[in-house]
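Got the viewer open? Here is a short tour, stop by stop, of what to select and what you will find there.

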Amino acid sequence: MTKRSSTKLFAAFIAPLALACIAPLTTRAQAVSPVAKDVSTYVRSEMQRQHIPGVALLVSRGGKIVQAEGFGLSNVELQVPVKPETIFQSGSVGKQFTATAVMMLVEEGKIALDDPLTKYFQDAPATWKEVTVRELLSHTAGFGDYPKKFNFRKDWTEDELLKLVEGIPLAYPPGTKWEYSNLGYLTLGILIHRVTGEFYGDFLQQRIFHPLGMQTTRIISETDIIPNRAAGYRLVKGELKNQEWVAPMVNTTADGSLYFSILDLAKWDAALYTEKLLKRSSLDQMWTPAKLRNGQPNKGGYGFGWFIGDRRGHHVVSHDGAWQGFKSAIARYVNDQLTVVVLANLEEAKPGAIAEHVADMYLGDTKKAPGKN
């Protein structure tokens with residue numbers, strides 16, 4: 001389980017329920033265009049093919065919603081349909097919010113991108129003196145992922161998690177290669193706490209979510225009563241099961257532990273066209289592949305909290321996520337001013353592929369990608 005990025009049971013039980021609930025659940029003022037109808041048909045077919053109980057889809061242009069629709073079931077047991085207001089877990093799509101918070105502190109002069117980590121973690125290993133904040137943000141610091149035997153059911157304290165990370169030797173000299181690192185972003189959350197005196201989730205709430213009117217976006221809590229919360233699922237030997245349980249503290253780390261809806265992500269997307277949160281120069285830095293110490297761009301095409309790349313001539317900044325029976329994907333086609341978000345409540349779902357095909361349909365590129373799924 002990481003925050004990263006045909007069964008008989010489904011056919012007999014889940015699929016009929018999902019199809020019954022799959023009628024468009026769009027925002028009130030939204031006119032349904034021909035391409036939106038085709039997109040809806042495509043999403044339904046992919047849900048059946050991938051056995052996904054529920055999906056929420058957002059398409060926006062220039063920061064304005066053109067399609068916000070729920071499909072299938074947010075809760076199979078209670079037969080609750082997905083709607084635009086349904087809340088999913090973020091997985092690693094949450095890393096872009098952590099990176100934004102760090103860049104806010106950079107703009108305020110409270111953090112410098114080239115500061116060594118030992119400036120903020122005085123008891124850290126000597127090797128951390130060679131690691132910079134910039135390298136943590138771009139997955140080029142030598143940090144890795146959770147150990148294979150990491151206990152996700154232990155309710156770790158923040159200090160215990162930090163000691164765990166400090167006890168893992170760097171996988172390579174900082175700045176010399178790229179390797180995706182959840183532990184690097186976990187550490188950034190603790191860094192935000194140390195610099196501001198606030199839990200990073202509270203900082204996000206005060207500085208990002210509340211100012212943008214993202215009313216449902218928050219840190220995960222399975223004990224709180226959360227209206228419109230979806231359930232996460234996984235397939236075990238072809239049978240649908242509920243998400244795996246993890247300890248509460250593991251659901252609060254900065255590598256991707258958020259709840260959000262597509263309606264909140266529409267507000268987030270709209271804000272990224274402005275300087276409400278960050279200066280344009282900071283956003284440009286986040287959306288540029290970070291360079292290694294040899295001056296070459298990292299092989300992951302990663303900026304700060306975003307992957308950067310091109311799809312058939314379209315410049316795209318994107319990220320996906322996976323956590324606790326949820327999968328997520330956001331793709332912003334920058335020059336086309338098109339954004340597609342797909343949230344799904346199945347561990348095995350492929351929302352990134354769905355988002356790509358939906359973007360192709362809106363961009364009129366479907367003929368260039370035969371057989372795309």
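One term before we start: a residue is called buried when its relative accessible area is under 20%. Also keep in mind that this is a predicted model.

**Stop 1: a buried pair.** Select Arg 332 and Asp 269. Their side chains meet in a salt bridge, with 2.7 Å from N to O. Now colour by secondary structure: Arg 332 sits in strand 11 (residues 326–333) and Asp 269 in helix 8 (residues 262–271), so this pair ties together parts that are 63 residues apart in sequence. Switch on a surface and look for the two of them: Arg 332 and Asp 269 are both buried.

**Stop 2: a small network.** Next, pick Asp 360 and Arg 311. They form a salt bridge too, and the closest N and O atoms are 3.4 Å apart. Asp 360 belongs to helix 10 (residues 351–363) and Arg 311 to strand 9 (residues 307–311), so the bridge ties together parts that are 49 residues apart in sequence. Are these two buried or exposed? Asp 360 has 1% relative accessibility, so it counts as buried. Arg 311, at 14%, counts as buried as well. Now add Arg 312 and Glu 356 to your selection: together with Arg 311 and Asp 360, they are linked in a network of salt bridges.

**Stop 3: a partly exposed arginine.** Move on to Arg 134 and Asp 114. Here the salt bridge has its closest N and O atoms 2.9 Å apart. Arg 134 lies in helix 4 (residues 133–137), while Asp 114 is in the loop between helix 3 (95–107) and helix 4, so the pair ties together parts that are 20 residues apart in sequence. Arg 134 has 24% relative accessibility, so it counts as partly exposed. If you'd like to hunt for others, the structure holds twelve salt bridges.

**Stop 4: two crossing helices.** Finally, show helix 3 and helix 7 (residues 200–212) as cartoons. At what angle do their axes cross? It is roughly 80°, and the axes come within 10 Å. The two helices are therefore roughly perpendicular to each other. To see the contact, turn on side chains: helix 3 brings Phe 97, Thr 98, Thr 100, Ala 101, Met 104 and Leu 105, and helix 7 brings Tyr 200, Phe 203, Leu 204, Arg 207, Ile 208 and Phe 209. Sorted by type, the residues of this contact between helix 3 and helix 7 are nine nonpolar, two polar and one charged.

Terms used
Residues are numbered from 1 along each chain as its sequence is written. This is a predicted model: local features need pLDDT of at least 70, side-chain atom pairs count only at pLDDT 80 or more; totals for chains, interfaces and linings use all residues. Side-chain values use heavy atoms; hydrogens and water are left out. A salt bridge is a side-chain nitrogen of Lys or Arg within 4 Å of a carboxyl oxygen of Asp or Glu. Helices (H or I, at least four residues) and strands (E, at least two) are DSSP runs, numbered from the N terminus. Buried means under 20% relative accessible area, exposed over 50%, partly exposed in between (1.4 Å probe, protein chains only). Axes are lines fitted to C-alpha atoms, for helices over the stretch in contact, and angles run from 0 to 180 degrees between N-to-C directions. Angles under 35 degrees count as roughly parallel, over 145 as roughly antiparallel, 65 to 115 as roughly perpendicular and the rest as oblique. Contact means heavy atoms within 4.5 Å. Ala, Val, Leu, Ile, Met, Phe, Trp, Tyr, Cys and Pro count as nonpolar, Asp, Glu, Lys and Arg as charged, and the others, Gly among them, as polar.
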